[in-house]
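Me: I would like to learn how to read a protein structure feature by feature. Could you take me through this one at a careful pace?

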Amino acid sequence: LAQAETHNSLRQVVQGCAVQGSVCSKMAERYLIAGTPAAEGAAVPELAKLKVERNNKLAEEKKAAAAEKSKKRDEERQKLKERTVKYEKEYADTEKELVKLRREAKVNGNFFVEPEAKLLFVVRIVGIIKLSPKPRKVLQLLRLKQLHNGVFLKVNKPILNMLKLVQPYVTYGYPSLKTVRELIYKRGYGKVNKQRIPLSANEIISDALGKDGMHGIEDLVHEIFTVGPKFKQASNFLWPFKLSAPKGGFICKRHGFCEQRGGDWGNREELINDLLSRMN
């Protein structure tokens, strides 16, 4: 009896290895529907026949669903490629137009006024020690709950007034397209069911923001950088960035960036890109 039990357990292990091998060989399929072949000439019980029919039906449904999902994924990927090309052309055209206007102003002896920034990136540079309640609450509303946390914000009057209240505790500026893209690609995490999920696949973005027309990383980058109509949804979907301490360190966090002696807190405008390149 003991030998029979040992033989049965070995046979189960072998079957398990075979099933595992077939699963590994079909990485695209999530679940395996195993067949139940019967020996030739053997009488098959009625329940076994029903089980075989059920498994065959499930296998056909699964095959059709997998094919449909694969086709839909390919279509979305192709559309995303086309949109990415369109976005790149849009960025290039905007930059060319600015260069053209600057040159015209120089030729005519005028000054060219740069367009006002629409996007801010705010980084918290101070911890929680000796922090009064009001700035603490404002930082909490801005989702800057930890040291070296960073968020994208839209430039408007309420946000600028909130930043005035916490100015000695944060530094901020106007990020470039390169900075936005590097931050999202390298340190981008999404908020899915109140959990911090890495943006490892376009399906994560599509499931959360598909209703807003965003199906991939480049859609997200475009919406954030251009501060589009769905900026609020895109920004709230992104978990606050957890940045590293800057390579080379800060100058002096007690003093403002615009002070004569130099410091760190306050508005850096375009110079925020240099700081973020050292923190990313």
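Reply: What follows is a conversation about the fold, the sheet, the hollow spaces and one chosen residue. Please keep in mind throughout that this is a predicted model.

Me: Let me begin with the overall make-up: how many helices and strands does the protein have?

Reply: The protein has 9 helices and 7 strands, and of its 280 residues, 31% are buried. The accessible surface comes to about 19100 Å², with 56% of that area belonging to carbon and sulfur atoms. Contacts tell a further part of the story, since among those between residues at least 6 apart in sequence, 67% join residues at least 24 apart.

Me: How should I read a sheet, and what is the order of the strands in the open sheet here?

Reply: The general idea is that strands of a sheet pair through backbone hydrogen bonds, either parallel or antiparallel. In this structure an open sheet of 5 strands follows the order E6-E2-E1-E3-E7, and its pairing is mixed. The edge strands are E6, at residues 241-242, and E7, at residues 266-269, each of which pairs on one side only.

Me: Which way do E2 and E6 run relative to one another, parallel or antiparallel?

Reply: Strand E2, which covers residues 149-154, runs antiparallel to E6, and 2 bridges join them. To find the place on the model, look for Gly 150, whose bridge partner in E6 is Phe 241.

Me: I also see a hairpin of E4 and E5; how many residues lie between its strands?

Reply: There are 2 residues between the strands of that hairpin, and Asn 193 takes a positive phi near 55 degrees there. The strands themselves, E4 at residues 189-192 and E5 at residues 195-198, run antiparallel and are joined by 4 bridges, with Gly 190 standing opposite Ile 197 in E5.

Me: Turning to the hollow spaces, how much space lies in the largest pocket, and which residues are closest to its centre?

Reply: A pocket is open, whereas a cavity is a space that the probe cannot get out of. The largest pocket here holds about 790 Å³ of space, and of the 21 residues lining it, the closest to its centre are Glu 95, Leu 98, Pro 115, Pro 175 and Phe 225. Helix H2, at residues 46-107, gives the most to this lining, with 7 residues, and by class the lining has 10 nonpolar, 4 polar and 7 charged residues.

Me: And how many cavities of 30 Å³ or more does a search of the whole structure find?

Reply: The search finds 2 of them, and the largest cavity has a volume of about 50 Å³. Its lining includes Gly 150 and Phe 241, the bridge partners met earlier in the sheet, together with others, among them Arg 143 and Trp 239. E2 gives the most to this lining, with 3 residues, and the classes are 7 nonpolar, 2 polar and 1 charged.

Me: Finally, take Asn 236 in helix H8: why is this residue called partly exposed?

Reply: Asn 236 has a relative accessible area of 36%, and is therefore partly exposed, because that term covers values between the 20% limit for buried and the 50% limit for exposed. Leaving aside residues up to four places away in sequence, Asn 236 touches Arg 143 and Lys 191. Asn 236 and Arg 143 are 93 residues apart in sequence, yet 9.7 Å apart in space from C-alpha to C-alpha.

Technical notes: Residues numbered from 1 in each chain as written. Predicted model: local features only at pLDDT ≥ 70, side-chain atom pairs only at ≥ 80, totals over all residues. Heavy atoms only, no water. Pairing = 2+ DSSP bridges. 1 Å grid on protein atoms, 1.4 Å probe; cavity = no way out; pocket = protein on both sides within 12 Å on 5 of 7 lines; lining within 4 Å. Points joined across faces, edges and corners; volume = space filled by probe spheres on them. Nonpolar A, V, L, I, M, F, W, Y, C, P; charged D, E, K, R; others polar. Buried < 20%, exposed > 50% of the residue type's maximum accessible area, 1.4 Å probe, protein only. Contact = heavy atoms within 4.5 Å. Areas by Shrake-Rupley, 256 points an atom, 1.4 Å probe, with all protein chains shown as cover.
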